[in-house]
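Take a look at the model below. We will go from the overall fold to one sheet, then to one loop and the helix after it.

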Amino acid sequence: MQKISCPDCRKTFIWTDAMSFKGKCPTVDCEWTYDIHRELKKSVTQKEDEARQIIRCPQCHEPIDAKVTLCKHCGEVIIGSRSFKKKYLFIVVAVILVLLSLIYKFR
Ligand SMILES: [Zn+2]
Ligand SMILES: [Zn+2]
């Protein structure tokens, strides 16, 4: 049993021993294929990272300083588990500002 999260449709599914080692994401219309060995390795790394409190860049998987930062390895803007190209940063900031203004308006 291994929980796999699909990077394409962002859904998670459970891999069981009855399934093949490699295969397609069970989501209809999603073309992503999983590799159970890769996923197992990834989850081990993830657990080690959690124990050592390491946050990794979702883009290049190098360790980064904070959840919201600019990755010094690939130059991507990291917000939580997502990354953005630098040129999209102003769009992200604009969206955040709009969301904040909505939150304050409806309070
Ligand atoms: Zn998928
Ligand atoms: Zn990076």
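Two strands count as paired here if DSSP finds at least two bridges between them. Keep that in mind for the sheet discussed below. The model is predicted, so local features are considered only where pLDDT is at least 70.

Start with the whole chain. The protein has 2 helices and 9 strands. Their order along the sequence is β-β-β-β-α-β-β-β-β-β-α. The protein is more spread out than a compact globule, because its radius of gyration is 17 Å, well over the 13 Å that the globule rule gives for 107 residues. The C-alpha trace spans about 50 × 35 × 30 Å along the principal axes. Burial can be read next to that: 5% of the 107 residues count as buried. Contacts add another view. Take those with a separation of 6 or more: residues 24 or more positions apart account for 16% of them.

Now the sheet. Strands β7, β8 and β9 form an open sheet of 3 strands, in the order β7-β8-β9, with antiparallel pairing. β7 (68-70) and β9 stand at the edges. Each has a single partner strand, so one side of each is left without a neighbour in the sheet. From one strand to the next, the twist averages 20°. Look closer at one pair. Strand β8 (residues 77-79) runs antiparallel to β9, and 3 bridges join the two. One residue pair to find is Val77 and Phe84: Phe84 is the bridge partner of Val77 in β9.

Follow the chain out of β9. The loop between β9 (82-84) and α2 (89-105) holds Lys86. Is Lys86 buried or exposed? The cut-off for exposed is 12 or fewer other C-beta atoms within 10 Å. Lys86 has 10 such atoms within 10 Å, so Lys86 is exposed. Which residues does Lys86 touch, leaving aside its neighbours within four places in sequence? Lys86 is in contact with Gly75 and Val77. Val77 is also the residue whose bridge partner in β9 is Phe84. Gly75 is 11 residues from Lys86 in sequence, and their C-alpha atoms are 7.3 Å apart in space.

The last stop is α2. This helix has 17 residues. From its first C-alpha to its last, α2 reaches 24 Å, close to the 24 Å expected at 1.5 Å a residue. An α-helix has 3.6 residues a turn, so residues three or four places apart point the same way. How many of the 17 residues of α2 are buried? The count is 0, and α2 is hardly covered.

Conventions. Residues are numbered from 1 along each chain as its sequence is written. Chains are lettered from A and ligands numbered from 1 in the order in which they are written. This is a predicted model: local features need pLDDT of at least 70, side-chain atom pairs count only at pLDDT 80 or more; totals for chains, interfaces and linings use all residues. Helices (H or I, at least four residues) and strands (E, at least two) are DSSP runs, numbered from the N terminus. The radius of gyration is taken over C-alpha atoms; the globule rule is 2.2 Å times the number of residues to the power 0.38. A residue is buried if 20 or more other C-beta atoms lie within 10 Å of its own, exposed if 12 or fewer, and partly exposed in between; C-beta atoms are placed from the backbone. Two residues are in contact if their C-beta atoms, placed from the backbone, lie within 7 Å. Axes are lines fitted to C-alpha atoms, for helices over the stretch in contact, and angles run from 0 to 180 degrees between N-to-C directions. The expected span of a helix is 1.5 Å times one less than its number of residues.
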